[in-house]
Amino acid sequence: MKKMLNKLIGSTSAIDETAHTTRKRTFISVLFTCLMVYFIASFATSFIQMLPIYNEMTRDAETMNLFSSPDATTEQLQEAMLTTIKSINAANPHCLSIVNLFSTSAIIFIVCFYCQCIERRRLFTMGFATRGAIKEYLGGILIGFIMFSAAYVIILLSGNAEFKGFNVNVSWETILLFFAAYIVQGASEEILLRGFFFVSLSANSSTLTALLSSSAFFAFIHLSNYGIGPIALINIFLFGAFAALYFLRRGTIWGICAIHTVWNFAQGCIYGCNVSGISSTASVFNTALSGNALFSGGDFGPEGSIAVTIVLLIAIGVLLPLKNNNIEAFFARRCKRFISYV
């Protein structure tokens, strides 16, 4: 059964080159390395996210004195931090959300730096093939929008959401800024989990093990999200499995980066739903989720509903019988030159 599934999933040029040009490691070693890279990257994103908060705090002498005082209690510091965040949100309710999304650029930088400078992998092995990149990305935008819209329609038809119409207060500049931010955020998770984690595990074990492990890790990093539940965890795992399969079938990372971006953007900034437990601060349309959380997703948003489960299972079913695009001519030429250089 395992051999049959591995054959069905297959491999791709990025995995093949990684297996041939990097030293063989154990599953535990690769997993530990990926965890360390993730935690370092997470620390970097947290640092960036604190910058607007720190900037606001420096404008208030009383707050700065409190943080520099050795007698300040934890409760006082927490209250001062919350007051600062409320002040920022009152002045610009979108500021922190946009900064948080853009801060994930640190993940992209750190993962690419590690793969290139430590493991000596080319960007191609992370799915950054140049051939057809624009076409792949545009195709991913369309697929991502169709997929989430299908889940949204299912929720509407189930009677567990109410479409409230156009948001008359929408700021198109803010929507565009959010789209740019989601481009970064969607790419960061795909580069980390598919371009790095999935490829590294596949090169050192099997694609089936890598697919299951990277999907489980994807679910793990969402455990602290507000409103998380069993269905939401299953859906996040399924999205991870779909993303790995899409990465394999297309042979590049561009398409799944676009799907991930538009999936999140459509939820929050088009339909006005919570995105993985995070409430939307700007949207084109307004939606009120209600009724049975099994169908609406509850506080987590549509990703916590069985509507998303249905869409993802169908998407995985469509991908499974397809063949992988190994970009064979590109791989054969570039990898041969790379190996002879090494």
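A polar contact is a pair of N or O atoms within 3.5 Å, where, within protein, one atom must be able to donate a hydrogen and the other to accept it. The structure described here is a predicted model.

**Ser296 and Asn167**

A polar atom of the Ser296 side chain lies 3.2 Å from the backbone nitrogen of Gly298. Ser296 belongs to helix H13, which covers residues 293-296. With a relative accessible area of 3%, Ser296 is buried. Apart from its neighbours within four places in sequence, Ser296 is in contact with several residues, including Ile155, Asn160, Leu289 and Pro302. Gly291, Gly301 and Ser305 are also among them.

Asn167 sits in the loop between strand S1 (161-166) and H9. Its relative accessibility is 15%, and Asn167 counts as buried because the limit for that class is under 20%. The side chain of Asn167 has a polar atom 3.1 Å from the backbone nitrogen of Asn169. A polar atom of the Asn167 side chain is also 3.0 Å from the backbone oxygen of Ser283. When residues up to four places away in sequence are not counted, Asn167 touches Ser283, Val284, Phe285 and Asn286.

**The cysteines**

How many disulfides does the structure hold? The number is zero. A disulfide is a covalent bond between the sulfur atoms of two cysteines. The cut-off used here for such a pair of sulfur atoms is within 2.5 Å. For Cys34, the closest cysteine sulfur is in Cys115, 8.3 Å away, so the two are too far apart for a bond. Cys115 is in no disulfide either, and its nearest cysteine sulfur, that of Cys112, is 6.9 Å away. Both Cys34, with a relative accessible area of 3%, and Cys115, with 0%, are buried.

**The largest pocket**

The largest pocket contains about 1100 Å³ of space. It is lined by 44 residues, and those closest to the centre are Leu101, Gln185, Glu189, Asn225 and Ile278. Elements that give two or more residues to this lining include helix H3 (27-57), helix H6 (95-102), helix H11 (230-250) and helix H14 (306-319). Helix H9 (172-204), helix H10 (207-220) and helix H12 (254-270) are also among them. Which element gives the largest share of the lining? H9 does, with six residues. Sorted by class, the lining has 21 nonpolar, 21 polar and two charged residues.

**Helices H9 and H12**

Ile183 is part of helix H9. Ile183 is partly exposed, with a relative accessible area of 29%. Not counting residues up to four places away in sequence, Ile183 touches Tyr137 and Thr261. Ile183 and Cys257 are 74 residues apart along the chain, while their C-alpha atoms are separated by 7.7 Å.

Helix H12 is mostly covered, with 16 of its 17 residues buried. After H12 comes Gly272, which has a positive phi near 75°.

**Positive phi outside glycine**

Most residues other than glycine have a negative phi. Arg120 has a positive phi although it is not a glycine, and so does Ser276. The table sets out the two residues.

| Residue | Phi | Place | Relative accessible area |
|---|---|---|---|
| Arg120 | about 60° | loop between helix H7 (105-118) and helix H8 (133-157) | 57%, exposed |
| Ser276 | about 50° | loop between H12 and strand S2 (285-289) | 8%, buried |

Both residues lie in loops. Are Arg120 and Ser276 buried or exposed? Arg120 is exposed, whereas Ser276 is buried.

**Pro321**

Pro321 is found in the loop between H14 and helix H15 (328-341). Is Pro321 buried or exposed? Its relative accessible area is 60%, and Pro321 is exposed because that class begins over 50%. Pro321 and Ser206 are 115 residues apart along the chain, and 18 Å separates their C-alpha atoms.

Terms used: Residues numbered from 1 in each chain as written. Predicted model: local features only at pLDDT ≥ 70, side-chain atom pairs only at ≥ 80, totals over all residues. Heavy atoms only, no water. Buried < 20%, exposed > 50% of the residue type's maximum accessible area, 1.4 Å probe, protein only. 1 Å grid on protein atoms, 1.4 Å probe; cavity = no way out; pocket = protein on both sides within 12 Å on 5 of 7 lines; lining within 4 Å. Points joined across faces, edges and corners; volume = space filled by probe spheres on them. Helix = DSSP H or I, 4+ residues; strand = E, 2+ residues; numbered from the N terminus. Nonpolar A, V, L, I, M, F, W, Y, C, P; charged D, E, K, R; others polar. Contact = heavy atoms within 4.5 Å.
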